Amino acid sequence: MAFLVSGSFLVDAVGVVVALLAILYTSFKWSFGYWKRKNFPYMEPSIPFGNLENALLPKKVPLFENTQNWYNYGKERKLKHFGLFFATSPVYFVLDLGLIKNILVTDFEYWVDRGNMYNEKSDPLSAHLVNLGGSRWKNLRKKLTPTFTSGKLKLMFKTITDCSVFLEKAMDEKLKDKQSVDIKNMLGNFTTDVIGSCAFGLECNSFSGDSDFRRFGKKIFSNIKLRMIKINLMAAFPRIANFFNMKIMEQETTDFFINAVKDTMRYRKENNVSRKDFLQILIDNQAENSAGDGNSLTFMEIAAQAFVFFIAGYETSATTMTFALFEMSLNQDVQERVRQEVKEVLDRHNGEINYDSIMEMKYMEQVMKETLRMFSPATVFSRKCVQDYKVPGSDLVIEKGTLALIPVIGIHYDEDHFPNPAKFDPDRFSDENIHNIKPFSHLAFGGGRRECIGERFGIMQSKVGLATLLKKYKFTLSKKTQLPLKMDPSQFITTAVGDIWLDYEKI
Ligand code: HEM
């Protein structure tokens, strides 16, 4: 046939495939030459996932381990920073605390965005503080910061202690079975109740076993691996994602959270109810005709922020308490010391867990800081370069659009920052030793102007949870907990494979 080059269809087809593969290979090679062309050290990538190979292929290395591997690569070569590739996109990986400080604080204007992929049109709840960038993020952050002042937190304290009553009841109930407890599930019920109440103004009844809030909360954190692959694909091909209206969240989940906010707002308006919670602060910032610029809030912006407080607030705190109890089960002396502190402080406050008594529990806070060092829920976080950036002290120019990775867990396990890093030692954070902690070496809550907005709330609810449990029960490790701990590669937030199971008894 006239359009055959070789006279054989098969030979032509093979020729076309070979030519396409050659073009693809050349284009990968060109992309992977990015850091070399800049004369900047980099980790050798492989086709097609670059340095993400371990995370995406079936051997599935957890992000926790991957972050440490990348960090150790740089550390062994005494590098302050080097290049990686996520698929074909260049990524700037930073180890040096001074360079990290520049990105997070000094040169923040170059690194305002986090670089998360989201599609507001198809996923309206995704336009929240964690994902937004630029001036919209700035306006919103300014609006939301007063939500977390000491005064506001004090007002919400009663909600937290009300929820702790259900935690205590559920623990007593479980004790009757004389079975080990999946402590993260238990604490996830507690934090869902707390944040559900503060962010959505609703009683979630998570301990009842048939709470929709708990069900949808769990759904958001399950199958996370598939969701991450989808997010990465959307980030790699944003136009295609927009064209097909690709969304990360299932419609059912979106509808559930939007309706929860809508119903609560309608109820408050109709009944002239005003409560002291996150949602009320968001409602008070609502405008009849907002431009959707983060200055005054549209209904959808309110729903998205309530949603992000929920997802960013419940799992992280439950994880922190879980690993704190895990370590205290292995280190009974630490557990006893915290319990003594709780008793002494509560004795001074008529046995009451209140804002002031929680603030006085200093050693417990050291335990939480050390837990967050070893088991930071976020193992890594990012910033996106929004204008070309010359790295101070070098010739390197990071181009607009490049992602920078801040390797939290690598830094937390670096012997130069935390000697004997595998040892659980809350005294690193005592008044006598705190001066040894270098600035920007403890990054569990991030850093700079985009650091965690809910840090104090997270610490507060975790301390209430721990005080409630430790004043009444003694914990030991159950045989059901798989040791040595391995992190679950299918989870984005630091999670132990097989969960943490504890045995406990009343004191
Ligand atoms: C132990 C508990 C928590 C941990 C370990 C934690 C950790 C983090 C981390 C690492 C970041 C990224 C910071 C950065 O990029 O510099 C972050 C951001 C954020 N967190 Fe938390 N968080 C916790 C609790 C909470 C709570 C209770 C809330 C809300 C009620 C919350 C809401 C947020 C929001 C909205 C952001 C985005 C801030 C922005 O981009 O302006 N977090 N958190």
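**Entry 1: the metal site.** I began with Cys452, which I found in the loop between helix H18 (408-412) and helix H19 (455-470). I noted that the model is a predicted one. I then looked up what the protein offers to the iron atom of the ligand: Cys452 is its single donor from the protein, through atom SG, 2.3 Å away.

**Entry 2: the fold as a whole.** I listed the secondary structure and recorded 19 helices and nine strands in the chain. The radius of gyration is 25 Å, close to the 23 Å that the globule rule gives for 507 residues, so I entered the chain as being as compact as a globular protein of that length. For the C-alpha trace, I wrote down a span of about 90 × 60 × 50 Å along the principal axes.

**Entry 3: interior and surface.** I looked up burial and found that 52% of the 507 residues in the chain are buried. Of the contacts with a separation of 6 or more, 71% join residues 24 or more positions apart. The accessible surface of the chain comes to about 23,900 Å², and carbon and sulfur atoms account for 55% of that surface. I also recorded the charged side chains: 66 are positive and 59 are negative, and the centres of the two sets lie 3 Å apart.

**Entry 4: Asp162.** I located Asp162 in helix H7, which covers residues 150-176. Is Asp162 buried, exposed or partly exposed? Its relative accessibility is 35%, so I entered Asp162 as partly exposed; the partly exposed class lies between under 20% for buried and over 50% for exposed. Finally, I compared Asp162 with Asp193: they are 31 residues apart in sequence, and their C-alpha atoms are 9.5 Å apart in space.

How values were computed
Residues are numbered from 1 along each chain as its sequence is written. This is a predicted model: local features need pLDDT of at least 70, side-chain atom pairs count only at pLDDT 80 or more; totals for chains, interfaces and linings use all residues. Side-chain values use heavy atoms; hydrogens and water are left out. Donors are N, O and S atoms within 2.8 Å of the metal (3.2 Å for Na, K and Ca); water is not among the atoms, so sites may look incomplete. Helices (H or I, at least four residues) and strands (E, at least two) are DSSP runs, numbered from the N terminus. The radius of gyration is taken over C-alpha atoms; the globule rule is 2.2 Å times the number of residues to the power 0.38. Buried means under 20% relative accessible area, exposed over 50%, partly exposed in between (1.4 Å probe, protein chains only). Contact means heavy atoms within 4.5 Å. Accessible areas come from the Shrake-Rupley method with a 1.4 Å probe; for residues, only the protein chains shown count as cover. Lys and Arg count as positive and Asp and Glu as negative; His and the chain ends are not counted. The place of a charge is taken as NZ of Lys, CZ of Arg, CG of Asp or CD of Glu.
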